[in-house]
Structures are given as structure tokens and as C-alpha cells.
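Biologist: Hi, could you walk me through this one? I'd like to chat about the chain piece by piece.

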Amino acid sequence: MDASPQLAVTLDEHALVRGLWRGIDVFRCLALVYAAWSVWHRHDEVAQLTGAIVILAVLAAWTVVQTVRPARTIPMYAAELAIGCAAILATRLVDHEWVITGGAKTVPSIWPSAAVVGFAVLLGWRGGLVAASLVGLCSFIEVQEPTGNTVTNSILVFLVGGCIGYCVDLARASHAALARSMRLDAARAERDRLARTVHDGVLQTLAFIHRRASELGGEATRLGVMAAEQERILRALVSATDLAAVDRPADDGPTDLRSLLGHVEDARVQVVAPGQPVLVERSAAVELVAAIEAALDNVRRHAGPDARAWVLLDDDGSNVNVTIRDSGHGLPAGRLERAAAEGRLGVSTSIVGRLADLGGAASVQSGPSGGTTVRLTLPRHAKEHR
């Protein structure tokens, strides 16, 4: 029998938290019984027995509510903590002064500890220590002259809140690490499966087209070069996928733009980037790289078979500037306007439109001696502009 599903269930946060909540519910009931027994055991010392019974009735009512219809929220446990602290302070109203200073138990006894543990489960060790501090403070206020029992009970409440909260924090961190590891394993397995499928089908077909086109020569040579280029890009995609991206949302913080441009460099394209990282919000970086790819695609299509391209990356602190230059034939005057009028929106949509959506700008210029220059400007806070 595979132990992995059992391990996942054991460390699943929901199963762990449900077990802790059930333990708190049981503890609250047992603590109420203990508090009632303590009052009955010393009923002859209680100055206002009716008042003590009213306090216990309030605790019993809340216990029934939280047992029948439990609410695992901060407001509900804040209310429970307030009830427990009020019950501790109300002990001065129902007990003789000499009984209190003699070290007698408070009316709620250990019942408020359930709220301390609840805060520890909800908010971790910090929440547990804050709740324990309030309970301990009320205990010292109630007795006025601290006794050994008061100090001991306060320390125990601190230990319970801090230790349980710390254990819950560790369990949640372990569960998150396990879940991330399982997602990465699944992504790696899926990538390997896709890589096998692509290798057995698409890559072999592209390789065959490249070889056959080279043998045929003539116009087929260009087709073979295109097939070889697509084969190279596809191999890089299926073999160098960033599996860490599986665990990141699309807008998960800044990313180094240089690492996203590695795949565009080949025999005809050279990337020139600064030595330090160029950090851009990931969603904006993906759109910028898509615009660069569109510009390079235009170079391959229209600049000529021998044209080369250079991608220059620069960061001036407030903007990220990208310049794509090629050594091709250049653009005739009015070419882009005619293309847009004819419905061919490659430049206006894939390049200019993308940068406009990001709050940036793009321009396309051709020199008198040939060659085309595409300039892209991305504001440092592109996500806010968008």
C-alpha cells in the first residue's frame, strides 16, 4: 500500500486544524465541569453562591453554543476571551476577600484557557501569547496580591498559548512546503510527458523537414532554416521550463527581465543587457518580452534572409528601455499606416498596443540607409499604470 496518500492526509492543514478544534471543544466542556465542581466543593466559602451560579450559567450557555454551532472565527473567540476574563474579574464579587487572598480558584477556573488555545490555532504563537497575557493580567487584577497559584497558573497559560501556537505555525509551514513539493513534482512529471510526446512527434517532424529541405535546396532551404529555428525554440521550451513558476501567480513580484530574454538569442539575434538584474513586475515583463518577440518575428519575416538583429536592454532607474535594431532593408514610407489600414495589426497591436496597455510607449523608425529600429519604453511602475 502506498504511504503517500496517508502522509498527505496526516499533514493536511484542514485535518490538523479540525482535530485541534475538536480538542478545544472537548476541553471547554471538561473545563466547565471542573469549574462547577470547584464551586460546589467550596460552596461554604462562597459569599454570593447565587452570583457564582450565574457566572457558571453564562459559561455553560456559551459552551453549548460553541459545541452545537461552533464558529472558528476571531470575533467569536474574542467574545469567548472577554467572557472568560470577565468571569475571572467577577470572582471578586462572589468571594470573600480572605478566600481570594488565600489562593482559592477563580469561578471559571481553567475555562478561559480554551479561548487562549483557540487564538493560538487561529493566529499562531503570537495570538496565543496575546490571549494568555490578557488572561494572566485579569488573574493578577482579581487577586491583587499575587499568590503562588496565580503565578503558576499564568505561566502555564503562557506556555499553552505559545507552544500550541508555535506547533500550529510549524504544521502550516510544513503543509505549505509539502504542497509546493507535490505541485512541482506533478509539473515536472507533466513536462517530461509533454517532452516525450513533442520529441516523438513535432521535433522529429521539424528535424526531418530541415534535413529534407537542405537536400532539395532552392526555396526549400529557407523552409528548412525556419523549421530548424522552431525546433531549437521548442527544444529549449520543453527542456528548460522554470518549474518554480508553477508555484507563483502571474503577478508574483519582480523578475529579472534578462532571464526571460535568453530564448530569443540565436545566430541572427544578439541580446545586450546590463550586468546587474533588471527587475520588472512579472506580468509586465511577460508582456514586454512578447512585444520584443513580435518585433524579432517581423525582422525574420521582412528584413531579409541575411539580416541580423540586436536587442539592447537598459535600465535608467525610472524606465526600462529596450531597443531592437536590425540590418535589413528598412520600411518604406507609410508602410505601417497601409498595413494597419489593410487590417494587418502586427505592429500596432502586438508591439505598440502592448506597451500602451502597460503605460509605456513604442516607436518604429527606419533609417535612410536601411535597417529598422524599434524602441520600447516601460515605466518602472508599469503595474500601477496598467
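Modeller: Happy to. Let's begin with residues 49-68, a span that is 100% helix and 0% strand, with its end C-alpha atoms 28 Å apart. Keep in mind as we go that this is a predicted model.

Biologist: Which residues does UniProt list for "transmembrane region"?

Modeller: The UniProt entry, which is unreviewed, lists residues 49-68, 74-94, 114-135 and 155-173 under that name. Over residues 155-173 the model is 100% helix and 0% strand, and the end C-alpha atoms are separated by 27 Å.

Biologist: How many helices and strands does the protein chain have?

Modeller: There are 13 helices and seven strands. The protein chain has 386 residues, and 34% of them count as buried.

Biologist: What about the exposed surface, and what share of it do carbon and sulfur atoms supply?

Modeller: The protein chain exposes about 21,200 Å², with carbon and sulfur atoms supplying 62% of that area. As for contacts, take those between residues at least 6 apart in sequence: 71% of them join residues at least 24 apart.

Biologist: New topic, cysteines. How many disulfides does the structure hold?

Modeller: Zero.

Biologist: Why is there no bond for Cys-138?

Modeller: The closest cysteine sulfur to that of Cys-138 belongs to Cys-85, and because the two sulfurs are 3.7 Å apart, they are too far from each other for a bond. The cut-off for a disulfide is 2.5 Å.

Biologist: And is Cys-138 buried or exposed?

Modeller: Cys-138 is buried, at 10% relative accessible area. Cys-29, on the other hand, is partly exposed, with a value of 30%.

Biologist: Now rings. How many aromatic pairs are there?

Modeller: The count is two aromatic pairs. One of them is Tyr-34 with Trp-37, which is stacked, with 6.2 Å from centre to centre and 25 degrees between the planes.

Biologist: Where do Tyr-34 and Trp-37 sit relative to each other along the chain?

Modeller: Both are in helix 2 (residues 13-41), and because they are three residues apart there, about one helical turn separates them. Tyr-34 is partly exposed at 31% relative accessibility, and Trp-37 is also partly exposed, with 44%.

Biologist: Let's look at Thr-91. Which helix is that in?

Modeller: Thr-91 belongs to helix 4 (residues 74-94). With 1% relative accessibility, Thr-91 counts as buried.

Biologist: What lies 3.2 Å from a polar atom of the Thr-91 side chain?

Modeller: That's the backbone oxygen of Ala-87. If you set aside neighbours within four places in sequence, Thr-91 is in contact with Ile-100, Thr-106, Val-107, Pro-108 and Glu-142.

Biologist: Last thing, backbone angles. Which residue other than glycine has a positive phi near 55 degrees?

Modeller: Ser-109 does. Ser-109 lies in the loop between helix 5 (97-101) and helix 6 (113-143), and this serine is buried, with a relative accessible area of 16%.

Biologist: And what is the phi of Gln-144?

Modeller: Gln-144 has a positive phi of about 65 degrees, although this residue is not a glycine. Gln-144 is in the loop between helix 6 and helix 7 (148-216).

Biologist: Is Gln-144 buried or exposed?

Modeller: Gln-144 counts as exposed, at 51% relative accessibility. Ser-109, by contrast, is buried.

Terms used. Residues numbered from 1 in each chain as written. Predicted model: local features only at pLDDT ≥ 70, side-chain atom pairs only at ≥ 80, totals over all residues. Heavy atoms only, no water. Buried < 20%, exposed > 50% of the residue type's maximum accessible area, 1.4 Å probe, protein only. Helix = DSSP H or I, 4+ residues; strand = E, 2+ residues; numbered from the N terminus. Contact = heavy atoms within 4.5 Å. Areas by Shrake-Rupley, 256 points an atom, 1.4 Å probe, with all protein chains shown as cover. UniProt positions renumbered as here; feature names shortened; annotations may be inferred. Phe/Tyr/Trp six-rings, centres within 6.5 Å; stacked < 30°, edge-to-face > 60°. Polar contact = N/O pair within 3.5 Å; in protein donor to acceptor, adjacent residues only side chain to side chain.
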